[in-house]
Amino acid sequence: MNNIFNFCAGPAMLPHDVMLQAQKEFCNWQDNGVSVMEMSHRSPEYMAMASEAEQDLRDLMDIPDNYKVLFCHGGGRGQFSAIPFNLLGDKLEADYLLTGQWSKSATLEAKKYARITDTNIITITEQGKTSVLPCAQWPINAGAAYVHYCPNETVDGIEIFEIPETGVVPLVADMSSTILSRPIDVSKFGLIYAGAQKNIGPAGLAIVIVREDLIGHARRAIPSIFDYEIQAKSNSMYNTPPTYSWYLAGLVFKWLKAQGGLVEVEKRNIEKASLLYSFIDSSNFYENNIDKSVRSRMNIPFTLVDESLNSAFLSASKAAGLLTLKGHKSVGGMRASVYNAMPLAGVQALVKFMADFEKDNI
Ligand SMILES: *Cc1c(COP(=O)(O)O)cnc(C)c1O
């Protein structure tokens, strides 16, 4: 087990210590005689765990008091629909920044509900998607109900570290694959959301962090489970929440705190990503052509210069215990996802494997 490293982009590996703890209390949680997934979400024991998880997330991200934290169903894509339903208010249009696959998917979904014309779709990547325009050059529309962007494009390997200045227009961020990987200033955002299966816990759960003044303007025809006002009033228990995912997310939050919080976590993420990128850059055998200023720390795509070696690379890496390195089908090549749970030892093992594979095939 300890020699296996899972580089899957999502659902991704969870911290090993968290998995062991969940295993230990799987059938008998806190001496209740039953699993946490077999008990009422309204029991005092469950409610205490749920609010502790929220508080731990608030501590980790330093979430201001005027923001609600919601534990929702429907993953990241559920929010692609929930956001226009909740945030358009009496406006018709919203701006969507385009940087890659996920921001494109969010735009397509929002188009069903909002007026999103060519001027609202703002492409900020340059020259074959290798760099991103400086934030001051993004032509944001003053009349937009909100500006949506994706700070980490999981498929493309692009991460935007600069927070866009959008003035009074609320900024909405899909942080599915970067949340909790580094400290951020939550007060710069109107809404932050994330599907859980990259840096939080099991798939299905979505975390929504939303400024209070943006709640309560939903369209009348919104499905109730997507209505932030209803979810906020019921502490995310309007219907049965994804109880087991919430519990596991809570364990991950405690684990992150025990690591020293996000300042420490960011240091490790920088160390892991730098190790892999500097190896790739030093080699003539592997390539990553994303501009250095926007290279993702979480998802590191790379290609073999000789693509005919792809399947040999994948079978040899799998045999070496380095799993799911195949790139997304739309991009090809390879991708190593190195979320918070990936230890430095995993990246070291990958770099060693890549160096050996290069020697054997040059
Ligand atoms: C994985 C991912 C999603 C989709 O999440 P689902 O839970 O599958 O809907 C959305 N946005 C980004 C950036 C992602 O990485």
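Helices and strands are taken here as DSSP runs, numbered from the N terminus. With that numbering, Asp-62 falls in the loop between α2 (44-61) and β2 (67-72). Asp-62 is not a glycine, yet its phi is positive, at about 55 degrees. The model is a predicted one.

A second backbone feature sits in another loop. Pro-11 is found between β1 and α1. The peptide bond that joins Gly-10 and Pro-11 is cis, with omega about -10 degrees.

The next subject is empty space in the protein. Rolling a probe the size of a water molecule over the atoms shows where such space is left. The largest pocket holds about 710 Å³. Its lining is made up of 32 residues, and those closest to the pocket centre are Met-13, Leu-14, Pro-15, His-16 and Ala-341. Three elements each give two or more residues to this lining, namely β1 (5-6), α1 (16-24) and α7 (261-282). By residue class, the lining of the largest pocket has 19 nonpolar, 9 polar and 4 charged members. Where does the largest pocket lie with respect to domain 1 and domain 2? Domain 1 covers 17-258 and domain 2 covers 261-361. Because both domains give residues to the lining, the pocket lies between them.

The ligand has its own set of surrounding residues. There are 13 of them, the closest being Arg-77, Thr-154, Asp-174, Gln-197 and Lys-198. Helix α3 (residues 75-87) supplies the largest share of this shell, with 4 residues. The shell around the ligand divides into 7 polar, 3 nonpolar and 3 charged residues.

Several polar contacts can be followed from the ligand to the protein. On the backbone side, a polar backbone atom of Gly-76 is 3.0 Å from an oxygen atom of the ligand. For Arg-77, a backbone N or O atom lies 2.8 Å from a ligand oxygen atom. Lys-198 takes part through its side chain, where an N or O atom is 2.7 Å from an oxygen atom of the ligand. The ligand taken alone exposes 390 Å², and the protein buries 86% of that area.

How values were computed: Residues are numbered from 1 along each chain as its sequence is written. This is a predicted model: local features need pLDDT of at least 70, side-chain atom pairs count only at pLDDT 80 or more; totals for chains, interfaces and linings use all residues. Side-chain values use heavy atoms; hydrogens and water are left out. On a 1 Å grid over the protein atoms alone, a cavity is a set of points where a 1.4 Å probe fits but cannot get out, and a pocket is an open set with protein on both sides within 12 Å along at least five of seven lines; lining residues have an atom within 4 Å of a point. Grid points are joined across faces, edges and corners, and a volume is the space filled by probe spheres set on the points. Ala, Val, Leu, Ile, Met, Phe, Trp, Tyr, Cys and Pro count as nonpolar, Asp, Glu, Lys and Arg as charged, and the others, Gly among them, as polar. Domain bounds come from an automatic or database domain assignment. A residue is near a molecule or strand if one of its heavy atoms lies within 4 Å of it. A polar contact is a pair of N or O atoms within 3.5 Å; within protein, one must be able to donate a hydrogen and the other to accept it, and residues adjacent in sequence count only if both atoms are side-chain atoms. Accessible areas come from the Shrake-Rupley method with a 1.4 Å probe; for residues, only the protein chains shown count as cover.
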